[in-house]
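Please look over the sequence and the model shown here. The paragraphs that follow start with one chain, go on to its domains and helices, and end with the contact between chains.

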Amino acid sequence: MRRRIVELFAAFFKIGLFTFGGGYAMISLIEDEVARRRGWIGEEELTEVFAVAESTPGPIAINCATYVGYRQAGLAGGVAATLGVVLPSFIIIYVISLFLDRFMALTVIANAFRGIQVAVAFLILRAGVRLIRRLPVSAVNIVACALAAAAVMAVNLLGWRFSTIWLIVCGAALGLALYGGGDRA
Amino acid sequence: MTLLVLFVTFFKIGLFTFGGGYGMIPLIQQEVFAHGWLDAETLFRYIGICESTPGPIAVNMATFIGASQAGLPGSLCATVGVVLPSFVIILLIAAVMKSFRENRFVKAALRGIKPVVAGMIAATGLYIALKCVIVNFGALSGMSPDLKQIGIAAALGLSALIWTKALRRPFSPILLILLSAALGVAVYGI
């Protein structure tokens, strides 16, 4: 049991260390490490886990780690796998944060970051557009999406004091009201 | 006190983030500005670094912002805060996996959440993009195009297009960030 917990920690540490580009990039590495190489979980169940991870809040990598760890070795396994996947990020970012100010004082770095700012905008915009394109086309989706976008713009531009968490709560309420009664829509 | 605020804020962010790492950027941005933790430029710089280092962007951002406010204890509180909601929710679900996914209320709520999250992320991206290419964007007066930034954006867009269409390779975020850094140095000097 103790060995299994160490293995879980090590496997997810590796996953945390080698995935760049956020949750979706992690999926293939997790599949490879956890399903194919170690056989901890069937590929079919893993697909289910990804679907659940997408439909629950929080980073997908964390959701997967907790689930696989718990299935393998109970609560201790869940803790070990989750710690494993978080630790590399934590260490790397913490070390960077220690040196960032001195680093940014270099003109060349500051200039590089003026370019990087454009890339960041591009990446976020692209993520949003991809999500929108995956939505089924329906009047409800278009209106909900446009209203949410308009609200976020208003918060940013007009300094509205309104938490965007309410948008998600409203979305959930709308979904329950429209689709909760059965599969009519 | 700062530690508690960091924990609670990131717990809230972890609890309400759907749709992968980018889903939390609108929320993080709002919370960070509301608490006066960072200015816009520093926040975007952090996002850029978190994109180009390994690991989930949510964890990276929590660690980074926590460290900037209260050192190591701050980064611990923020990171534990952002991870805890996922952890608890998944433990609960792991016990009742099948019935959760097939629950019609869960499905219905998610159908409503999806378009909202998509709209939020797209609007955030658009806002940041406009802030990049327009000087004083959002101010009542003095808005003007930033030609250097527009040049960088055009060069990036063109490279992404050539890379994906002509070479048929996926244009990874890391590649994009490295290229944009090089363009930044080329345009603004060493």
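**Chain B and its contact with chain A**

In chain B, 54% of the contacts with a separation of 6 or more are between residues 24 or more positions apart. This is a predicted model, and the values below are computed from it. Of the 190 residues in chain B, 51% are buried. Along the principal axes, the C-alpha atoms of chain B fill a box of roughly 55 × 45 × 35 Å.

The secondary structure of chain B consists of 8 helices and 2 strands. In sequence order the elements run α-α-α-α-α-α-β-β-α-α. The two strands therefore come after α6(B) in the pattern, since elements are numbered from the N terminus.

Chain B is split into domain 1, residues 2-144, and domain 2, residues 146-188. The centres of these two domains, taken over C-alpha atoms, are separated by 25 Å. Domain 1 of chain B gives 7 residues to the contact between them, and domain 2 of chain B gives 7 residues. On the domain 1 side, the elements that give two or more residues are α3, α6 and β1 (134-135) of chain B. By class, the residues on that side are 4 nonpolar, 2 polar and 1 charged.

One position inside domain 1 can serve as an example of the packing. G66(B) belongs to helix α4 of chain B. Is G66(B) buried or exposed? G66(B) has 32 other C-beta atoms within 10 Å, and is therefore buried; the cut-off for a buried residue is 20 or more. Which residues does G66(B) touch, once its neighbours within four places in sequence are left aside? They are L6(B), G74(B), S75(B), C77(B), A78(B) and T79(B). G66(B) also lies 8.3 Å from L3(B), C-alpha to C-alpha, although 63 residues separate the two in sequence.

Helix α6(B) takes part in several of the contacts described here, and α2(B) is one of its partners. The axes of α2(B) and α6(B) are 9 Å apart and make an angle of about 60°. At that angle, α2(B) is therefore oblique to α6(B). From α2(B), the residues I25(B), P26(B) and Q29(B) meet M120(B), I121(B) and T124(B) of α6(B). This contact of α2(B) with α6(B) has 4 nonpolar and 2 polar residues, and no charged ones.

Chain A also has two domains, with domain 1 covering 2-103 and domain 2 covering 107-179. Their C-alpha centres lie 26 Å apart. Helix α6 of chain A spans residues 139-158, and helix α7 of chain A spans residues 165-179. These two helices pack with their axes 11 Å apart, at an angle of about 165°. The angle is over 145 degrees, so α6(A) is roughly antiparallel to α7(A). Their crossing is right-handed. V140(A), A144(A), A148(A) and A151(A) of α6(A) make the contact with L167(A), G171(A), L174(A) and L178(A) of α7(A). The residues involved are 7 nonpolar and 1 polar, with no charged residue.

The two chains meet in a contact that takes 83 residues from chain A and 91 residues from chain B. On chain B, the elements that each supply at least two residues are α1 (2-15), α2 (25-34), α3 (40-51), α4 (57-95), α5 (97-102), α6, α7 (147-166) and α8 (173-188). Which helix supplies the largest share of this side? The largest share comes from α6(B), with 25 residues. The side of chain B that touches chain A divides by class into 59 nonpolar, 25 polar and 7 charged residues.

Within this contact, α6(A) packs against α6(B), residues 104-133, at an angle of about 40° and with their axes 7 Å apart. The two helices are therefore oblique to each other. α6(A) passes α6(B) in a right-handed crossing. On the chain A helix, the residues that meet α6(B) are N141(A), A144(A), C145(A), A146(A), A148(A), A149(A), V152(A), M153(A) and N156(A). Their partners on α6(B) are G112(B), P115(B), V116(B), A118(B), G119(B), M120(B), A122(B), A123(B), T124(B) and Y127(B). This helix pair contributes 14 nonpolar and 5 polar residues to its contact, and no charged residue. A144(A) and A148(A) appear both here and in the contact of α6(A) with α7(A). On the other chain, M120(B) and T124(B) meet α6(A) and also meet α2(B).

Technical notes. Residues are numbered from 1 along each chain as its sequence is written. Chains are lettered from A and ligands numbered from 1 in the order in which they are written. This is a predicted model: local features need pLDDT of at least 70, side-chain atom pairs count only at pLDDT 80 or more; totals for chains, interfaces and linings use all residues. Domain bounds come from an automatic or database domain assignment. Axes are lines fitted to C-alpha atoms, for helices over the stretch in contact, and angles run from 0 to 180 degrees between N-to-C directions. Helices (H or I, at least four residues) and strands (E, at least two) are DSSP runs, numbered from the N terminus. Angles under 35 degrees count as roughly parallel, over 145 as roughly antiparallel, 65 to 115 as roughly perpendicular and the rest as oblique. A crossing is left-handed if the near helix is turned anticlockwise from the far one by less than a right angle, and right-handed if clockwise. Ala, Val, Leu, Ile, Met, Phe, Trp, Tyr, Cys and Pro count as nonpolar, Asp, Glu, Lys and Arg as charged, and the others, Gly among them, as polar. A residue is buried if 20 or more other C-beta atoms lie within 10 Å of its own, exposed if 12 or fewer, and partly exposed in between; C-beta atoms are placed from the backbone.
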